[in-house]
Amino acid sequence: MDIKNFDIVVVGGGPAGMAAAVAAYDSGITSVAIIDREPSLGGILRQCIHNGFGLHKLGKELTGPEYAAVYETEVAKRSIMVYYETMVTSVSADKTVTATNKNGILKIKAKAVILAMGCRERSRGALNISGTRPAGIYSAGTAQKLMNCEGFAVGKTAVILGSGDIGLIMARRMSLEGAKVEAVCELMPYSGGLTRNIVQCLEDFDIPLYLSTTVAEIHGKDRIEGVTIAKVDENRNIIEETKRYIPCDTLLLSVGLIPENELTMGAGITMDNVTNGAVVDQYRQTEQSGIFACGNVLQVHDLVDYVSDEAEIAGKSAAKYVKNQLEAGNTVKTVAGNGVRYVLPQKVDIKSSEDVSLFMRVTAPFGKVRFTAKSGDTLLATAVRLKAAPGEMEKITIKAEKLREITTEITLSLEEL
Amino acid sequence: MKKQLICIICPRGCTLTAESGNGIKVSGNACPKGEKYAIDELTNPLRTVTSTVRVKNMPLTMVSVKTKDPIPKDKMAEAMKIIRATEVNAPIKIGDVIIKDVFGTDIIATKEINL
Ligand SMILES: Cc1cc2nc3c(=O)[nH]c(=O)nc-3n(C[C@H](O)[C@H](O)[C@H](O)COP(=O)(O)OP(=O)(O)OC[C@H]3O[C@@H](n4cnc5c(N)ncnc54)[C@H](O)[C@@H]3O)c2cc1C
Ligand code: SF4
């Protein structure tokens, strides 16, 4: 067995892992390793060939592979060790990372660990659609990978279940490739994707989006021949009279992402059952000291730009931890109030000398709203938005001097204006 | 004439109102890019096209590509025909021109492919 020592080990080399490693390195910790199971860095961005990445962070609009390449170049400029095609199998509370690759088992003793394993798609097993199970049914991400990385034509006529961004992007991609996308069906009464994607991926190609609609049945023996779609009532029960058959040879499922947290749980880290990620403070430190988390493994992000920001926080904090400069003594909880589904970080160190940004998602689409962060009766921060939607992460920043006024938990809520 | 549009330039997705008459007047945009978008959208809508091109000398490998600048929206299908008929050889660097002069711009590589 190969035993190594590094100050910081980053698990996962997607945009989160790369940005975290670079930030840690630039904060003065030069013994840094990234471990990824794939033969190259970049994570899911390698298959996201569309543009729209980097507008916030880099001030220009890039495609996924181009955005990844910016960070790969930064990693390559520093003497950061990268283990490719190496699968991490466990992370222990004492910060020993165990991995396997073609050379056998690798054990790394680290002073700090950054978890950046990303997320995976919910599979059809998690869904209850009646009917047969023929070929031609893919998760949207799998279809994206097959098409964009291997050049495999997925199908000629498709129905997409789920209106998250990956489903919308795939609707456009298939249309451009000459396939006919018959419909995008969304169970909820609103889309989970960014509005801009509804415009440029559906409206541009005259693809109908049916809200409060699901796939009720799948038809076909060897290959899928069609689906029955139907409207659902407010309890998400199928309304029989609205059932309608659509012929198709492909069904794409874009029904949500789940953070990939087996390793996190294996390390005994406390989880948040709304985000499905670890509970962290503003330094992105989990409840296991010296273990940090960032990117989609912590909360599912819609914009990679915010993934990179979050990863930089984790990287800098991990470096401080290794240097014994990270104190997170006096924490209070954050609480999701009216209209807010979750708040991240779940805990705030109120002794911090830096401003603290709280990220949140709303429970439903709203028009003009005011977000407020309060601790008891003390107003900590407010922000007004012309609209808010569950598909778009919101942020509110509490100034460092305001942290001193905090006495009890911080509640984030919204009021409609 | 009044028209409502969603700006697609950035993820904020502002709802714009464009009033045509004596020139085009745009409101609802949180930044100047929204105004340009609305005017383009009413006069000459533009889109960046992204796709993939098969790498001839490597099995099961595609290189991702994009139009260097946005092209007219109604030319997307034709641009795709040209892209689909193309194959290239690795090695390829990001920014390499894969197809020259497609509706006033070039199709360039967005991924590095090493042999
Ligand atoms: C299928 C899919 C498609 C997406 N498409 C889009 C899109 O079109 N547009 C968009 O803005 N966002 C998209 N996203 C969101 C996108 O994932 C994020 O913006 C961003 O890529 C998240 O970065 P990350 O580094 O947290 O995760 P990832 O990019 O997923 O990177 C995680 C990395 O960790 C590695 N890893 C995981 N577990 C282990 C292990 N045990 N051992 C070793 N390595 C491991 C993986 O190989 C991977 O390289 C998509 C997500 C998915 C799942
Ligand atoms: S107007 Fe500006 S801020 Fe609003 S969506 Fe367009 S580019 Fe973004």
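The following questions and answers examine how terms are applied to this predicted model.

Q: Why is A:Phe292 called buried?
A: Buried means under 20% relative accessible area. The value for A:Phe292 is 0%, so the residue counts as buried.

Q: What makes A:Tyr321 partly exposed?
A: The class partly exposed lies between under 20% and over 50%. A:Tyr321 has a relative accessible area of 21%, and is therefore partly exposed.

Q: Why is the pair of A:Phe292 and A:Tyr321 called edge-to-face?
A: Ring centres must lie within 6.5 Å, and planes over 60 degrees apart count as edge-to-face. The centres of A:Phe292 and A:Tyr321 are 6.1 Å apart and the planes make an angle of 75°, which gives an edge-to-face pair.

Q: What makes this pair a tie between parts of chain A?
A: A:Phe292 belongs to strand S22 (residues 291-293) of chain A, whereas A:Tyr321 belongs to helix H7 (residues 304-322) of chain A; the two are 29 residues apart in sequence, so the pair ties these parts together.

Q: How many aromatic pairs does a search of the whole structure find?
A: The search finds 3 over all chains. One of them joins A:Tyr67 and A:Tyr71, with 5.4 Å centre to centre and 35° between the planes.

Q: Why is the pair of A:Tyr67 and A:Tyr71 called tilted?
A: Planes under 30 degrees apart count as stacked and those over 60 as edge-to-face, with the rest tilted. The angle of 35° places the pair of A:Tyr67 and A:Tyr71 among the tilted ones. Both residues are buried.

Q: How do you know that A:Tyr67 and A:Tyr71 are separated by about one helical turn?
A: An α-helix has 3.6 residues a turn. A:Tyr67 and A:Tyr71 are 4 residues apart in helix H2 of chain A, and therefore about one turn separates them.

Q: What makes H1(A) and H2(A) contact partners?
A: Contact means heavy atoms within 4.5 Å. A:Met18, A:Ala19 and A:Val22 in H1(A) meet A:Ala68, A:Tyr71, A:Glu72, A:Glu74 and A:Val75 in H2(A). By class, this contact comprises 6 nonpolar, no polar and 2 charged residues. Helix H1 (residues 15-26) and helix H2 (residues 64-77) of chain A pack at about 35°, with their axes 9 Å apart.

Q: Why is helix H3 (residues 140-150) of chain A described as largely enclosed?
A: Of its 11 residues, 8 are buried, so the rest of the structure largely encloses the helix. The buried residues of H3(A) include A:Leu146, A:Met147 and A:Cys149. Their cover includes helix H4 (165-176) of chain A as well as strand S5 (50-55) and strand S6 (62-67) of chain B.

Q: How do you know that A:Val340 is buried and A:Arg385 partly exposed?
A: The limit for buried is under 20%, and partly exposed lies between that and over 50%. A:Val340 has 5% relative accessibility and therefore counts as buried. The relative accessible area of A:Arg385 is 26%, so A:Arg385 is partly exposed. A:Val340 lies in strand S24 (residues 340-344) of chain A, and A:Arg385 in strand S28 (residues 378-385) of chain A.

Q: What makes B:Lys33 part of the surroundings of ligand 2?
A: A residue is near a molecule if one of its heavy atoms lies within 4 Å. B:Lys33 is among the residues around ligand 2, as are B:Cys7, B:Cys10, B:Cys14 and B:Cys31. By class, the shell holds 6 nonpolar, 3 polar and 1 charged residues.

Technical notes. Residues are numbered from 1 along each chain as its sequence is written. Chains are lettered from A and ligands numbered from 1 in the order in which they are written. This is a predicted model: local features need pLDDT of at least 70, side-chain atom pairs count only at pLDDT 80 or more; totals for chains, interfaces and linings use all residues. Side-chain values use heavy atoms; hydrogens and water are left out. Axes are lines fitted to C-alpha atoms, for helices over the stretch in contact, and angles run from 0 to 180 degrees between N-to-C directions. Ala, Val, Leu, Ile, Met, Phe, Trp, Tyr, Cys and Pro count as nonpolar, Asp, Glu, Lys and Arg as charged, and the others, Gly among them, as polar. Buried means under 20% relative accessible area, exposed over 50%, partly exposed in between (1.4 Å probe, protein chains only). Rings of Phe, Tyr and Trp (its six-membered ring) pair if their centres lie within 6.5 Å; planes under 30 degrees apart count as stacked, over 60 as edge-to-face and the rest as tilted.
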